[in-house]
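User: I'm new to this one and would like a close look at a single part. Could you take one helix and walk me through what surrounds it?

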Amino acid sequence: MQKNRNALDMIPIRNEKILWEIKEDQVILTINRDRTFDRLMHKLFKTPLKTTVELEAFGSFVWQKCDGTNTIHDIANHLEEHFGEKVSPVLERLLIYMKSLRDNNFIHLK
């Protein structure tokens, strides 16, 4: 997260290069690894050129809210409204999840 900014006011935006779909209320991400380095690793070590990631219920819900309009605070409120106590403590859990999404280049924060 950027310094000197309130993390709750940041707006997460999905990486446009990641394809995603919803199957049975579960978000499935498809990440194409098409950089030169990825293609080289594929040739040398047979690493996959495409990776899929299946998000669980909370992750799927959060992913759908990362549409460039909701702040992290908004998403926390939506999570509490939708899941209730199951997501408690919501802010701590959501901030860790957002950091993980950002560190893996799945989202960026505006």
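Analyst: Here is a walk through helix 2 and its aromatic partners. This is a predicted model, where local features need pLDDT of at least 70, side-chain atom pairs count only at pLDDT 80 or more, and totals for chains, interfaces and linings use all residues. Residues are numbered from 1 along each chain as its sequence is written, and side-chain values use heavy atoms, with hydrogens and water left out.

Helix 2 covers residues 57–65; helices here are DSSP runs of H or I with at least four residues, strands are E runs of at least two, and both are numbered from the N terminus. At its N-terminal end sits a cap: a side-chain oxygen of Glu 56 lies 2.8 Å from the backbone nitrogen of Phe 58.

The helix's buried residues are Gly 59, Ser 60, Phe 61, Val 62 and Trp 63. Buried means under 20% relative accessible area, exposed over 50%, and partly exposed in between (1.4 Å probe, protein chains only). Among the elements covering these buried residues are strand 2 (19–23), helix 3 (72–83) and helix 4 (90–103).

Now for the rings. The whole structure has 3 aromatic pairs, meaning Phe, Tyr or Trp rings (six-membered ring for Trp) with centres within 6.5 Å; planes under 30 degrees apart are stacked, over 60 edge-to-face, the rest tilted. Trp 20 and Trp 63 are edge-to-face, because their planes stand at 85°, with centres 6.3 Å apart. Trp 20 belongs to strand 2 and Trp 63 to helix 2, so this pair ties together parts 43 residues apart in sequence. Trp 63 counts as buried because its relative accessibility is 0%, while Trp 20, at 34%, is partly exposed. Phe 58 and Phe 83 also pair edge-to-face, 4.6 Å centre to centre with 85° between the planes.

Definitions and conventions: Contact = heavy atoms within 4.5 Å. Polar contact = N/O pair within 3.5 Å; in protein donor to acceptor, adjacent residues only side chain to side chain.
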